Amino acid sequence: MMQRRTLLASSAALLAVPRLGHAVTVGVTATELKIGNFMPYSGPASAYGVIGRGDAAFFKMVNDQGGVGGRQINFISYDDGYSPPRAVEQTRRLVEQDHVALLFHTLGTPSNSAIVRYTNQRRVPHLFLATGADKWGNYQDTPWTIGWQPSYRTEAQIYAKYMLEQKPNAKIALLYQNDDFGKDYVTGVKDVLGSRFDGMVTTASYEVTDPTVDSQVVSLRGSGADVMVTAATPKFAAQTIRKIHDIGWHPMHFLSNVSISIAAVMRPAGPERGIGIITSAYQKDITDATWANDPGMRSWREWMRKYLPEGDITDSGYATAFNASTTMLQVLKQCEGDFSRENIMRQVANLHDLEVPLLLPGIKVNTSPTNFHPIRQMQLQKWSGEHWERFGDVIEGANV
Amino acid sequence: MQGLAHQLIAGIATGGIYASVALALVMIYQSTHHLNFAQGEMATFSTYIALTLIQAGLPYWVAFAATLVISFGIGVFTERILLRPMHNASVLANVGVFIGLLLVFRNAMGWMFEYTIKSFPSPFESDTPLLGGLVSGHELGSTAVTLVVLGLVFVFFRYTKLGLAMRAAAFNASSSKLVGIRVGWMLALGWGLAATIGAIAGMMIAPVVFLEPNMMLGILLYAFAGALLGGIDNPGGAVIGGFAVGVIENLGGAYLVGTELKLTLALVIIICVLLVKPSGLFGRVVQSRV
């Protein structure tokens, strides 16, 4: 088996050799640059579809302003229904039939996991994915793929840093979903605690098929912990918040920021039950009056008015789209007309202190050939019973 | 030690959830000798109906009663429209219909009510935790409801003519026909009652796990394990089985196999029961002469 794999690998390498020499330019004509994307416009995750609509509207604005490098952007976005097999199908269609120059902002950890081998074998830039998995920062094994938002692992590092500062002798309980998403948090906490992890942390996992996590919460409380880290998706996060409150436990509670929606988590769990919960943010909250006169927010609102008049201005998906697309635009500008796939990747890894309109002040986009985690800073925020209130300085993830 | 007590009680509380769904499964099996894989989705759908009625301003118990009536109607309607033509079809064809029904209900719910979780009110909510937070008012209340439903089912099958007729229709259709039982309607009635019990289960579960289209996905498997453990043709056994599975799952997950293998534990129970004692702990052993 091993032999066969080596054989396959070496023959793949042989095939790749002739292509190393000269730059490959695909999807670019004198007037046009094709960008491919898939999004869950239908199915269980269809709420994220607004992100794709936002990306498309952003590139429409770029085109109206004269395009980039003399080219108009042709943004092609298909529906994958949040289903990995369909993501593979749509990716092949984008790469082999539409001949796109690159893939941008494809959404979902499962869908991107299904295509990452393909994009890297075919050397198609696979950029600024809309998922928080840490593995997209693995520039050694998948050099054609890069994430965008702070990874779950970075987020966990930030929580661990803060908690050590506040409670150097904390006893930590860690509840995580037993998959890539949840395990990233375990790794992140380990990054910071190092050899002290085993002594300080009690973990419990749950499966997405579990009806409730009550039993896990009860076990974790039994460990005598005074800090709780919950790496859970919305339903289980709401259950955890409620159970912790109901059994009269009062740990310092950190909650993964995928589960901080007021409508989908805090309100169902009971807003008063979650008071004091700490989570993190890296984007400006578009519903927060603090930013009423912020220039970045104003440019965003103007764009929404002009290009997405029917869009919901309280949907943060449009903010995410605006931010990620701004990053993409910067890369294309830096290409200075050379849109070969190699040069695109060079510029992707060459972003320095880029300020993006809707990132929190102090948070900047940075990449390098050895850093494929564009955003590594976050600010903490606390639940007041009605909304999230930011506090303290911007914190950077650990260096690992 | 306190940890053990907590786990035990949390187990009984989740067991109550499994028990109520197991009861609905047994109900269908009693009256049709089929297992309805769409049972969970139909119950979730009923729960959405209840939520819609409550949001429209109806008092909880009025919405509760109305939901039971509507669910009964949906159950009867489903049997008449979808299962009736499959009357003489093979078991596999029926399973196909059940799976199709599951998909239709689940996707329809996603379309109509969205996939985000919703909180569902409980009529037994108490603000002060009971027994130092060991149990909530809702857990006690819903366990009581499950037991009441069990009692009603028992009385219905044991002491009413209609219950007897339903049992007869499922047990031996042609003989029942000969003594004047309208077998087709008995089947439809069985579906209606199962849908009603499912609706009760859904409304008791939703306050605990939150309402979303996939609410019953995990629960149904544990409920199957419970129903099989107790005996698929014995309502009381199924309820005891449901509670047992809840406790076994919680204690096993916390102290024996770890939380990763909780679901596997349910599958192991199913396989063990089928291998060692297919009729379940309290089921009737059926011998057929070949």
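Here is a short tour of the cavities and aromatic rings in this predicted model.

**Stop 1: the cavities.** Start with the empty space inside. Rolling a probe the size of a water molecule over the atoms shows where such space is left. This structure has four cavities of 30 Å³ or more, and the largest holds about 110 Å³.

To get there, select A13(B), G16(B), I17(B), S142(B) and V208(B): of the 14 residues that line the largest cavity, these lie nearest its centre. Next, colour α1 (2–32), α5 (137–159) and α8 (183–209) of chain B, the elements that each give two or more residues to that lining. Which of them gives the largest share? That's α1(B), with five residues.

While you're there, try colouring the lining by residue type. You should find five nonpolar residues, seven polar and two charged.

**Stop 2: an aromatic cluster.** Now jump to chain A and select F58(A), F59(A), F75(A), F104(A), W303(A) and F322(A). Show the side chains, and you have one aromatic cluster in view. If you feel like hunting for others, the count over all chains comes to 27 aromatic pairs.

**Stop 3: charges over rings.** Stay in chain A and pick K190(A) together with F197(A). The lysine lies over the face of the F197(A) ring, 5.0 Å from the ring centre.

Then hop back to chain B for R80(B) and W185(B). What sits over the ring of W185(B)? It's the charged end of R80(B), at 4.2 Å from the ring's centre. Draw a distance line in each case and you can look at both arrangements for yourself.

Technical notes
Residues numbered from 1 in each chain as written. Chains lettered and ligands numbered in written order. Predicted model: local features only at pLDDT ≥ 70, side-chain atom pairs only at ≥ 80, totals over all residues. Heavy atoms only, no water. 1 Å grid on protein atoms, 1.4 Å probe; cavity = no way out; pocket = protein on both sides within 12 Å on 5 of 7 lines; lining within 4 Å. Points joined across faces, edges and corners; volume = space filled by probe spheres on them. Helix = DSSP H or I, 4+ residues; strand = E, 2+ residues; numbered from the N terminus. Nonpolar A, V, L, I, M, F, W, Y, C, P; charged D, E, K, R; others polar. Phe/Tyr/Trp six-rings, centres within 6.5 Å; stacked < 30°, edge-to-face > 60°. Lys NZ or Arg CZ within 6 Å of the ring centre and 35° of its normal.
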